Amino acid sequence: MLFSILVPVYNRPNEVQELLESLTKQSFTDFEVVIVEDGSSLKCEEVCSSFADKMNIQYFFKENSGPGQTRNYAAERAQGDYFLILDSDVILPADYLKNTADELAREYADAFGGPDAAHESFTDLQKAISYSMTSFFTTGGIRGGKKKMDKFYPRSFNLGVKADVFRALGGFSNMRFGEDIDFSIRIFKGGYQCRLFPESWVWHKRRTDLKKFFKQVYNSGMARINLYKKYPESLKLVHLLPALFTVGSWGCILSAVVALVVSLFSGSFSICGPLLCLSPLILYSLLVMVDSTCQNGSLKIGLLSVPAAFTQLWGYGLGFIHAWFSRCVLGEGEVKAFTKNFYK
């Protein structure tokens with residue numbers, strides 16, 4: 001068997017249904033599916049059972065231990081030559097497995113990953129969040145694409161690895177967040193070959209509101225410092241930019257408030273000073289709106305992309321600053337934030 005598809009699940013039976021539906025439409029069929037329920041209260045066992053006559057599928061339930069350890073649990077029970085590690089909130093195009101198999105046949109890889117995109121059925125806000133997670137103007141385009149400026153570090157929503165390489169690396173660490181980047185770093189440290197498969201892309205659902213999105217990216221910012229403490233060389237300039245953007249943008253807002261107060265008390269009220277202070281943020285917002293509108297063909301999504309982009313950058317930046325202060329200034333151990341609400 002070529003592929004074992006490993007999926008950790010936490011309270012997402014509806015999403016598992018959509019993922020499994022997409023697997024029934026694959027043009028390549030040499031695969032098995034291993035679903036592991038990570039202590040969910042909303043189980044997907046019945047959903048998995050309904051697909052038992054359509055594919056080779058195994059379902060397991062275990063106590064909650066986080067996504068990394070749940071993937072390890074699935075890997076111990078998998079039989080494929082390659083493990084395809086997916087999040088439960090992805091949907092696969094019909095040729096996803098074929099494209100992956102073709103790329104492996106074309107050129108060997110120990111590990112690999114693919115990009116993600118927004119499905120037409122996603123809400124406008126989910127499409128806006130998808131834009132903010134993949135745009136050059138928010139993440140520098142580091143989450144996948146046709147070309148990479150640096151090594152490609154696959155993420156757990158769409159990650160492939162040879163089974164014996166996974167076992168040699170000991171699977172995922174016990175980090176609660178950032179465990180997929182930790183795994184990717186250890187792939188390179190182990191001397192293995194890791195590549196981007198541009199055609200092995202997935203539709204990846206995003207959080208359904210900005211509050212949940214903020215929690216997600218805040219955790220990601222904190223995880224980056226935890227990773228830095230383990231692997232100092234892993235911290236790149238691009239990882240500092242959200243924190244710099246956060247400090248700079250709040251500096252602009254504070255300056256605008258001060259300019260407004262001064263103009264009010266000076267007796268010569270003018271909006272020009274505050275607007276000048278806010279002009280970098282206004283220009284950035286217009287850039288994001290226009291770019292997203294052109295990419296998505298929708299002004300509404302373009303407008304929603306502005307608060308999504310600020311949530312992305314401020315959330316990550318604040319998490320990064322919090323973890324940096326806690327770990328690098330105060331010397332505390334590994335820090336965590338929204339552990340209970342991360343999946344919801």
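**Reading burial, pairing and contacts in a predicted model**

Modeller: Strand β2, residues 31–38, is mostly covered, with 8 of its 8 residues buried. Please keep in mind throughout that this is a predicted model.

Colleague: Which residues of β2 point one way, and which the other way?

Modeller: The general idea comes before the case. In a regular strand the side chains alternate between the two faces of the sheet. In β2, F31, V33, I35 and E37 point one way, while E32, V34, V36 and D38 point the other way, and all of them are buried.

Colleague: Which strand is joined to β2, and by how many bridges?

Modeller: Strand β1, residues 3–9, is joined to β2 by 7 bridges, and the two run parallel. If you want one position to look at, take P8, whose bridge partner in β2 is V36; V36 belongs to the set that points the same way as E32, V34 and D38.

Colleague: How should I read the open sheet, and what is the order of its strands?

Modeller: This sheet is made of 3 strands in the order β5-β10-β7, with mixed pairing. β5 (90–91) and β7 (116–117) stand at the edges with a single partner strand each, so one side of each is left without a neighbour in the sheet. β7 pairs with β10, residues 202–204, in the parallel sense over 2 bridges, and the bridge partner of D116 in β10 is V202.

Colleague: Turning to helices, how many residues of α5 are buried?

Modeller: A word on helices in general may help. An α-helix has 3.6 residues a turn, so residues three or four places apart point the same way. In helix α5, residues 124–134, 9 of the 11 residues are buried, so this helix is largely enclosed by the rest of the structure. The buried residues are L125, Q126, K127, A128, I129, S130, Y131, S132 and M133.

Colleague: What covers the buried residues of α5?

Modeller: The cover includes strand β7 together with the helices α6 (136–139), α9 (210–230), α11 (272–296) and α12 (299–329).

Colleague: Is I301 buried or exposed, and what is I301 in contact with?

Modeller: I301 has its place in helix α12. I301 counts as buried because its relative accessible area is 3%, and the cut-off for buried is under 20%. Leaving aside neighbours within four places in sequence, I301 is in contact with D124, K127, A128, S292 and N296; among them, K127 and A128 are also listed as buried residues of α5. By contrast, the C-alpha atoms of I301 and A163, which are 138 residues apart along the chain, are separated by 40 Å.

Colleague: Where is T246 found, and which residues does T246 touch?

Modeller: T246 is found in helix α10, residues 237–266, and is buried, with a relative accessible area of 3%. Not counting residues up to four places away in sequence, T246 touches L313, W314, G317 and L318.

Colleague: What do the totals say about the protein chain, beginning with its helices and strands?

Modeller: The protein chain has 12 helices and 10 strands, and 53% of its 344 residues count as buried. Among contacts with a separation of 6 or more, 80% are accounted for by residues 24 or more positions apart. A compact globule with 344 residues would have a radius of gyration near 20 Å, and the 22 Å of the protein chain agrees with this. Along its principal axes, the C-alpha trace spans about 80 × 45 × 40 Å.

Note on methods:
Residues are numbered from 1 along each chain as its sequence is written. This is a predicted model: local features need pLDDT of at least 70, side-chain atom pairs count only at pLDDT 80 or more; totals for chains, interfaces and linings use all residues. Side-chain values use heavy atoms; hydrogens and water are left out. Helices (H or I, at least four residues) and strands (E, at least two) are DSSP runs, numbered from the N terminus. The radius of gyration is taken over C-alpha atoms; the globule rule is 2.2 Å times the number of residues to the power 0.38. Buried means under 20% relative accessible area, exposed over 50%, partly exposed in between (1.4 Å probe, protein chains only). Contact means heavy atoms within 4.5 Å. Two strands pair if DSSP finds at least two bridges between them.
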